[in-house]
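Me: Could you take a close look at one helix-to-helix packing in this model for me? Once that part is clear, I'd be glad to hear about the surroundings as well.

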Amino acid sequence: MPRKQFNTFGLKWTLNPGPFNIKEHSIIVVMAGVSFSAAYATDIILAQIAFYKQDFGILFQLMLTISTQSVGYGIAGMMRKFLVYPAAMIWPGNLVSVTLMNAMYETEAKPDPTVIGGKMARYKWFGYVCLGAFVYYFIPGFLAQFLSVFAFATWAAPNNVIVNQLFGGTTGLSLLPITFDWTQISGFVGSPLIPPWFSIANTLIGVVSFYIVGCSILHYTGTWSAAFLPMSDSATYDNTGASYNVTRILNPNFTLNVEAYKSYSPLFLSTTFAMSYGLSFAAIASLIVYTYLNHGKQIWQQFRNSKTEEPDIHMKMMSKYREAPTWWYMGLFALMVALSLVTVLAFQTNLTWWAFFLALAISFGFSLPIGIIQAITNTQIGLNVLTEFIFGYIQPGRPLALMIFKTYGYITMSQALSFTSDLKFGHYMKIPPRTMFMCQVVATTLSCFIQVGVLNFALTNIKDVCTPHQEQHFTCPGGRVFFSASVIWGLIGPARIFSPGQIYSGLFWFFGIGAILPIIIYFAARRFPASPIKYLMAPLIFGGAASIPPATPLNYLSWGVIGFIFQHVIRRKYFAWWSRLNYLTSSGLDLGLAISTLFIFFAFTMNNVEAPKWWGNNIVSATMDAQDTAIQKVVAEGAHFGPNVW
């Protein structure tokens with residue numbers, strides 16, 4: 001950067017105040033991280049435009065995205081003394097970034113010739129891993145796509161329904177979870193080299209118990225008319241097995257036409273989709289009980305002793321910087337609340353002002369217990385189903401209002417914890433708190449404009465975007481789940497789906513199961529303190545695999561296998577290598593994959609360059625698993641399955 005000094009109204013400044021250092025780099029990392037993750041509000045816009053064929057215009061899109069992304073700052077400011085300052089709140093995900101930053105700027109690194117890669121500088125190791133990941137992804141991502149979902153059993157029997165349901169990796173249970181693609185391993189769940197092994201193990205217990213065993217039993221006993229439906233996908237179906245035609249039950253103002261609904265069909269879900277809702281009920285109930293039993297005293301003591309607690313080494317080093325005052329956070333919070341109210345009331349969203357404030361209250365109330373879980377295990381329990389459940393009962397028949405309520409009720413909390421995690425990263429890197437606040441706010445606001453622009457560009461310029469069989473796989477799986485949820489919870493409403501006497505009423509039992517299991521684990525761990533029971537966490541068992549669907553057991557099981565190797569085997573037997581290079585390996589794999597994905601998109605996809613036509617690329621779309629057609633029974637012409645009255 002030029003060293004020239006400028007003078008603006010008497011204020012002297014320069015683009016190059018001194019040598020580039022690790023703190024400046026860390027600030028860039030925070031700003032990039034804030035911008036990198038997709039804004040949840042873009043799913044609302046996507047569902048509106050692509051699925052509901054409704055568009056309020058660019059002004060609404062910007063106001064909604066900015067307000068939903070930034071309203072969580074107020075909660076983050078209040079959570080600092082509980083989730084940032086205590087040493088026990090480690091935030092494992094930050095350790096990767098901290099390790100990488102230190103590796104990049106270390107000048108006197110001692111080599112360790114006793115481990116693989118120990119003779120080279122840590123940053124050089126990171127570079128080699130990144131380069132290798134970049135080059136390698138061209139194989140499963142473009143040249144030999146069968147390596148991505150290596151479901152060889154389905155290739156041998158591409159038209160066998162049971163084989164595709166059990167061994168398929170796209171819409172099946174993936175009983176042989178084999179993949180050679182880092183996208184499949186980390187795409188939905190994140191890198192398995194980050195969370196501690198006990199966290200991974202708890203998630204795997206939930207996947208195997210409920211999705212592999214539970215869904216197999218439910219599906220093949222015909223529960224929920226499963227024989228007429230797929231084993232695992234995120235779509236919604238009518239009583240003929242066809243995709244649910246939402247337009248048939250919509251009024252012109254996008255509310256539910258009850259008579260049309262009664263003459264059309266009840267709504268049906270794939271087995272794993274239904275199971276995911278039951279597990280969400282259990283996760284919320286278990287979270288409340290678990291937090292009370294295991295962290296209730298800690299939270300109360302932290303609240304009482306926040307002014308007198310002995311600071312750890314990080315707090316002592318940070319004390320030389322001026323803290324960002326709470327009124328900064330609360331002032332921004334008030335501004336974003338005002339912008340939010342204008343957004344939901346000035347446009348035809350059908351969301352009332354009191355429902356908006358209820359959503360904010362839900363976010364605030366769950367931020368602390370969920371934040372504790374995430375700060376310890378690197379896993380966040382989502383509030384999406386809880387918010388859908390509440391709004392679906394209090395104001396049914398309003399799909400757009402539900403999507404907005406869910407965003408303010410869930411993403412406000414999620415964003416608050418994301419900001420809190422960044423504050424902990426700044427805590428580790430000794431970045432002045434006021435600088436952290438400003439860089440977060442600027443990056444968040446700027447990213448909203450960019451994301452809305454990119455989304456509109458994609459919807460306008462990518463052919464057949466968001467259709468199930470789009471050639472470059474721009475099928476919008478997240479947006480499709482979002483749309484399906486708006487139909488289930490917002491348009492039709494949970495009372496017509498989950499209440500007593502309805503098709504999926506049995507899922508309500510998961511509330512009780514979720515409340516009881518943490519109590520059993522708590523007292524069992526106290527009775528047998530030396531046993532592995534003490535590592536069980538009910539919220540993770542129920543909620544760790546919350547991305548299924550659109551994720552599949554393949555994603556979680558392969559993630560768990562790699563996590564076991566690195567976070568258990570290597571960490572125990574080769575701790576010197578693990579402590580030196582594990583997190584850098586994770587960063588290198590993620591960055592190499594990201595760069596390779598972007599290269600393939602801009603070099604090939606945007607220029608209509610197709611992947612080579614050969615068996616290894618053709619087979620991936622030639623099975624019932626890939627085509628989402630692995631269904632045991634087909635409805636006869638003019639017939640239907642399920643109840644006759646709904």
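Reply: Happy to. In this predicted model, helix H1 (residues 22-36) packs against helix H19 (residues 433-461) at an angle of about 35°, and their axes lie 8 Å apart. The crossing of H1 over H19 is right-handed. On the H1 side, the contact is made by Ile27, Val30, Met31, Val34 and Ser35. Facing them from H19 are Thr435, Met436, Cys439, Gln440, Val442, Ala443, Thr444, Ser447 and Gln451. Sorted by character, the residues of this contact are eight nonpolar, six polar and no charged.

From that contact, let's turn to the nonpolar cores. The largest one has 171 residues, and Tyr277 and Trp489 are those with the most contacts inside it. Helix H18 (residues 399-429) supplies the largest share of this core, 17 residues. Trp489 is a good place to zoom in: leaving aside residues up to four places away in sequence, Trp489 touches Tyr277, Phe281, Val385, Glu388, Phe389, Gly392, Leu402, Pro494 and Phe498. So the two residues with the most contacts in the core, Tyr277 and Trp489, also touch each other. There is a second, separate core of six residues, among them Ala144, Phe146, Leu147 and Trp155. As general background, nonpolar side chains in soluble globular proteins tend to be buried together.

Back towards the start of the chain, you'll find a hairpin. Strand E1 (residues 5-8) and strand E2 (residues 11-14) run antiparallel and are joined by four bridges. Phe6 stands opposite Trp13 in E2. Two residues lie between the strands of this hairpin, and Phe9 takes a positive phi near 50° there.

Phe9 leads nicely to other backbone details, this time in loops. Ser225 is not a glycine, yet its phi is positive, about 55°; Ser225 sits in the loop between helix H11 (197-220) and strand E3 (236-237). Asn350, also a residue other than glycine, has a positive phi near 65°. The loop holding Asn350 connects helix H15 (326-346) and helix H16 (353-377). Is Asn350 buried or exposed? Asn350 falls in between: its relative accessible area is 23%, so it counts as partly exposed, given that buried means under 20% and exposed over 50%.

One last stop is a peptide bond worth viewing up close. Pro549 and Pro550 are joined by a cis peptide bond with omega of about 15°. Pro550 belongs to the loop between helix H22 (538-543) and helix H23 (553-573).

Key: Residues numbered from 1 in each chain as written. Predicted model: local features only at pLDDT ≥ 70, side-chain atom pairs only at ≥ 80, totals over all residues. Heavy atoms only, no water. Axes fitted to C-alpha atoms, helices over the stretch in contact; angles between N-to-C directions. Left-handed = near helix turned anticlockwise from the far one by under 90°. Contact = heavy atoms within 4.5 Å. Nonpolar A, V, L, I, M, F, W, Y, C, P; charged D, E, K, R; others polar. Core = buried A, V, L, I, M, F, W, Y, C linked by side-chain atoms within 4.5 Å. Buried < 20%, exposed > 50% of the residue type's maximum accessible area, 1.4 Å probe, protein only. Pairing = 2+ DSSP bridges.
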